[in-house]
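User: I'm new to this one and keep tripping over the vocabulary. Could you show it to me and explain how the labels are earned?

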Amino acid sequence: MTDKQVIFTQQVRLPAIGQGTWYMGENTSRRRDEVAALQAGLDLGLRLIDTAEMYADGAAEKIVGEALNGRRDEAFLVSKVYPWNAGGQKAIAACEGSLRRLKTDYLDLYLLHWMGDYSFEETIEVMETLIGQGKIRRWGVSNLDYDEMQALWQVAGGRQCATNQVLYHLASRGIEYDLLPWCQQQQMPVMAYSPLAQAGRLRSGLLTHSVINDIARAHDATAAQILLAWVIRQPGVIAIPKAASVAHVEQNAAALEITLSTDELRLLDQAWPAPAGKTVLDMA
Ligand SMILES: NC(=O)c1ccc[n+]([C@@H]2O[C@H](COP(=O)([O-])OP(=O)(O)OC[C@H]3O[C@@H](n4cnc5c(N)ncnc54)[C@H](OP(=O)(O)O)[C@@H]3O)[C@@H](O)[C@H]2O)c1
């Protein structure tokens, strides 16, 4: 077990790399590879699997359900509710739909995918109902910026929020200005999505950039592994790369063992500086 872990609770400590599933389930000819990739990730200890009712209209959840057949307990399973389903009976029905597709009777974590029409009060109320019904273990949010987290913190029950899942990679560093330090202060894990820069700023060319590839060579690693090692270089951040091949999953798991030196971090900072001021939260 790697020492790079993220602590959700004293009982729930997960390796700082998990597995994403966006774009899985879109093409039936890839199904077998996607299931195999997720299972390989579990074999390697990448326990957190992130999905959503949105992904491929529920088909990504079905892939995850297939991958978890007979080994549900090994995973820390995260799904997300559409904002327009995030209150009242709609949320109960959406969660039940996810559970059906995932072939499980509980989620470890259920996230509000992004902010929508329901108030925080309404969403928190139904999240607590779902916990009471045993359908979810905990809840969190996604794509909320610093000010929105401050507002959530003022609402009764808001501090039960277990995570904020946001876009974060070397070329999209806006959260370092205020959101990330604040979450770290609250000891609330941040889930970094698109850690391989599938979305976000300046994403094209990151994997082929010479600064990253020079560092990769020094570690006998790939550029993708350096991007992941960079995202998880600090406490309380879990990267959730999506990989649809066993080879990619193996590389991603091995990135847990890469520690970037101070000099390497400085070179990366020079090429992709930390934010000097507030920027709008990047989203996919
Ligand atoms: N909350 C939100 O609003 C939100 C938004 C976006 C994403 N997410 C979550 O975050 C996850 C990750 O983000 P993402 O899917 O946008 O992008 P990502 O993880 O940054 O990038 C995925 C891409 O990287 C490739 N890849 C994976 N491992 C690789 C490796 N070792 N070497 C080279 N390429 C590699 C994948 O190819 P293959 O598929 O061919 O392996 C895929 O094309 C999503 O799947 C989803 O679960 C959440």
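Analyst: Below, each label is set against its definition.
This is a predicted model, where local features need pLDDT of at least 70 and side-chain atom pairs count only at pLDDT 80 or more, while totals for chains, interfaces and linings use all residues. Residues are numbered from 1 along each chain as its sequence is written, and side-chain values use heavy atoms, with hydrogens and water left out.

User: Why is Glu 176 called buried?

Analyst: Buried means under 20% relative accessible area, exposed over 50%, and partly exposed in between (1.4 Å probe, protein chains only). Glu 176 has a relative accessible area of 18%, so the buried label applies.

User: And what makes its link to Tyr 168 a polar contact?

Analyst: That takes a pair of N or O atoms within 3.5 Å; within protein, one must be able to donate a hydrogen and the other to accept it, and residues adjacent in sequence count only if both atoms are side-chain atoms. The side chains of Glu 176 and Tyr 168 make such a pair at 2.6 Å.

User: Which other residues is Glu 176 in contact with, beyond its neighbours within four places in sequence?

Analyst: Contact means heavy atoms within 4.5 Å. Among the residues in contact with Glu 176 are Pro 181, Trp 230 and Arg 233.

User: How do you know that the buried residues of α7 sit on the same side?

Analyst: Helices here are DSSP runs (H or I, at least four residues), numbered from the N terminus. In α7 (residues 210–218) the buried ones are Ile 212, Ile 215 and Ala 216. They cover an arc of only 105° around the axis, so they share a side of α7; the arc is that of the directions from the helix axis to the C-beta atoms. On the other side, Arg 217 and Ala 218 are exposed. What covers the buried residues includes α8 and α10 (262–271).

User: What is the arc for α9?

Analyst: Its buried residues are Val 249, Asn 252 and Ala 253. They fall within an arc of 100°, so they line one face of the helix. Their cover includes α1 (31–43) and α8 (223–231).

User: Which residues of the ligand's surroundings are the closest?

Analyst: Near means a heavy atom within 4 Å. 27 residues surround the ligand, and the closest are Asp 50, Leu 196, Gln 198, Lys 242 and His 248. An N or O atom in the side chain of Gln 198 is 2.7 Å from an oxygen atom of the ligand.

Terms used
Helices (H or I, at least four residues) and strands (E, at least two) are DSSP runs, numbered from the N terminus.
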